[in-house]
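Colleague: Got a minute to walk me through this one? I'd like to get a feel for the fold before I go back to the bench.

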Amino acid sequence: MRIPPDNQTVSNGTNGGVYSIALKYFLSCSAALVAETVTYPLDITKTRLQILSHATTPAGTPQQRGMFRVTFDIVRHEGALSLWRGVAPAIYRHYVYTGIRMGTYEFLRGKWFDKKREKTFSAWKSMTIGLFSGAFAQFVASPADLVKVQMQMEGLRKLQNLPPRFHSTWHAFVTLYRANGFFGLWIGWIPNCQRAALLNMAGLASDCS
């Protein structure tokens, strides 16, 4: 039986690792795309509720609005498709976020996991790498999150008879960049990164272990 050269074995192992990461990335992004599209009306409803919680009636009393009332008002005044306003940057964010967090996790895991000395990758190492991977990926993807939220609020401008600020996702990126500068695209990145880090500390570590 012919034994393949060492360099061929290494090459096959490397290709297999790249293929495995690429497959995980593709499947994760596909699942995220479907999940984001299906649940996005809940996301835009949540954003509207957070904004409208500070609104008051002409008499100065707080407006009482529930989730179903806000969703119904969006459909009635803005159209059913408005429930998916801003879904494009949300999907773009997943492709950036998922790729970076998985790639960073797999890279750091390969560097930190000594297969000769360790039989399994310890939980605290997985959680540490998951924490860092989630925070780093969210930091890179934060501009897409900002654009998503800004586009979600366009419906309120329409109800106030104000002209739309954005005509597309790309136009929203450019407009926000011109208004706030490059670093303005990362407004709110600290709480976003904290949330992503905590979610990935357990979730990503268990999925990729």
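**Talking through the fold**

Modeller: Sure. Among contacts in the protein chain between residues at least 6 apart in sequence, 71% join residues at least 24 apart. Keep in mind that this is a predicted model.

Colleague: How many helices and strands does the protein chain have?

Modeller: Seven helices and zero strands. Reading from the N terminus, the elements go α-α-α-α-α-α-α.

Colleague: And what percentage of the residues count as buried?

Modeller: 33% of the 209 residues in the protein chain.

Colleague: Which residues make up the largest nonpolar core?

Modeller: There are nine: Tyr40, Ile44, Leu52, Val70, Ile74, Leu83, Val87, Ala90 and Ile91. Helix H1 (6-52), helix H2 (67-78) and helix H3 (87-112) each put at least two residues into this core. There's also a second, separate core of eight residues, including Met151, Phe166, Leu176 and Leu185. As a general point, nonpolar side chains in soluble globular proteins tend to be buried together.

Colleague: Back to Tyr40. What does Tyr40 touch, leaving out residues up to four places away in sequence?

Modeller: Leu83, Trp84, Arg85, Gly86, Val87, Ala90, Lys148 and Gln152. Of those contacts, Leu83, Val87 and Ala90 are also listed in the largest core.

Colleague: What about Arg48, is it buried or exposed?

Modeller: Arg48 counts as buried because its relative accessible area is 2%, and the cut-off is under 20%. Arg48 is found in helix H1. Leaving out residues up to four places away in sequence, Arg48 touches Val70, Ile74, Glu78, Arg85, Gln152, Met153, Gly155 and Leu156.

Colleague: New topic: cysteines. How many disulfides does the structure hold?

Modeller: Zero. Cys29 counts as buried, at 1% relative accessibility, and Cys193 counts as buried too, at 7%.

Colleague: Let's do pockets. What volume does the largest pocket have?

Modeller: About 800 Å³. Of the 30 residues lining the largest pocket, Asp43, Arg93, Asp145, Lys148 and Arg195 are the closest to its centre.

Colleague: Which helices supply at least two residues each to that lining?

Modeller: H1, H3, helix H4 (123-152) and helix H7 (189-208). H1 gives the largest share of the lining, 10 residues.

Colleague: And how does the lining of the largest pocket split by class?

Modeller: It has 10 nonpolar, 12 polar and eight charged residues.

Colleague: I also had Met102 on my list. Where is the place of Met102?

Modeller: Met102 sits in helix H3. It counts as buried, at 5% relative accessibility. Not counting residues up to four places away in sequence, Met102 touches Lys24, Tyr25 and Ser28.

Colleague: How far apart are the C-alpha atoms of Met102 and Lys24?

Modeller: They're separated by 8.2 Å, with Met102 and Lys24 being 78 residues apart along the chain.

Colleague: Last one, Asn161. What phi does Asn161 have?

Modeller: A positive one, about 60°, although Asn161 is not a glycine. For background, most residues other than glycine have a negative phi.

Colleague: Where does Asn161 lie, and is it buried or exposed?

Modeller: Asn161 is in the loop between helix H5 (154-159) and helix H6 (169-180). It counts as exposed because its relative accessible area is 72%, and the cut-off is over 50%.

Colleague: Great, thanks. I'll go and look at the pocket again.

Note on methods:
Residues are numbered from 1 along each chain as its sequence is written. This is a predicted model: local features need pLDDT of at least 70, side-chain atom pairs count only at pLDDT 80 or more; totals for chains, interfaces and linings use all residues. Side-chain values use heavy atoms; hydrogens and water are left out. A nonpolar core is a set of buried Ala, Val, Leu, Ile, Met, Phe, Trp, Tyr and Cys residues joined through side-chain atoms within 4.5 Å. Buried means under 20% relative accessible area, exposed over 50%, partly exposed in between (1.4 Å probe, protein chains only). Helices (H or I, at least four residues) and strands (E, at least two) are DSSP runs, numbered from the N terminus. Contact means heavy atoms within 4.5 Å. A disulfide is a pair of cysteine sulfur atoms within 2.5 Å. On a 1 Å grid over the protein atoms alone, a cavity is a set of points where a 1.4 Å probe fits but cannot get out, and a pocket is an open set with protein on both sides within 12 Å along at least five of seven lines; lining residues have an atom within 4 Å of a point. Grid points are joined across faces, edges and corners, and a volume is the space filled by probe spheres set on the points. Ala, Val, Leu, Ile, Met, Phe, Trp, Tyr, Cys and Pro count as nonpolar, Asp, Glu, Lys and Arg as charged, and the others, Gly among them, as polar.
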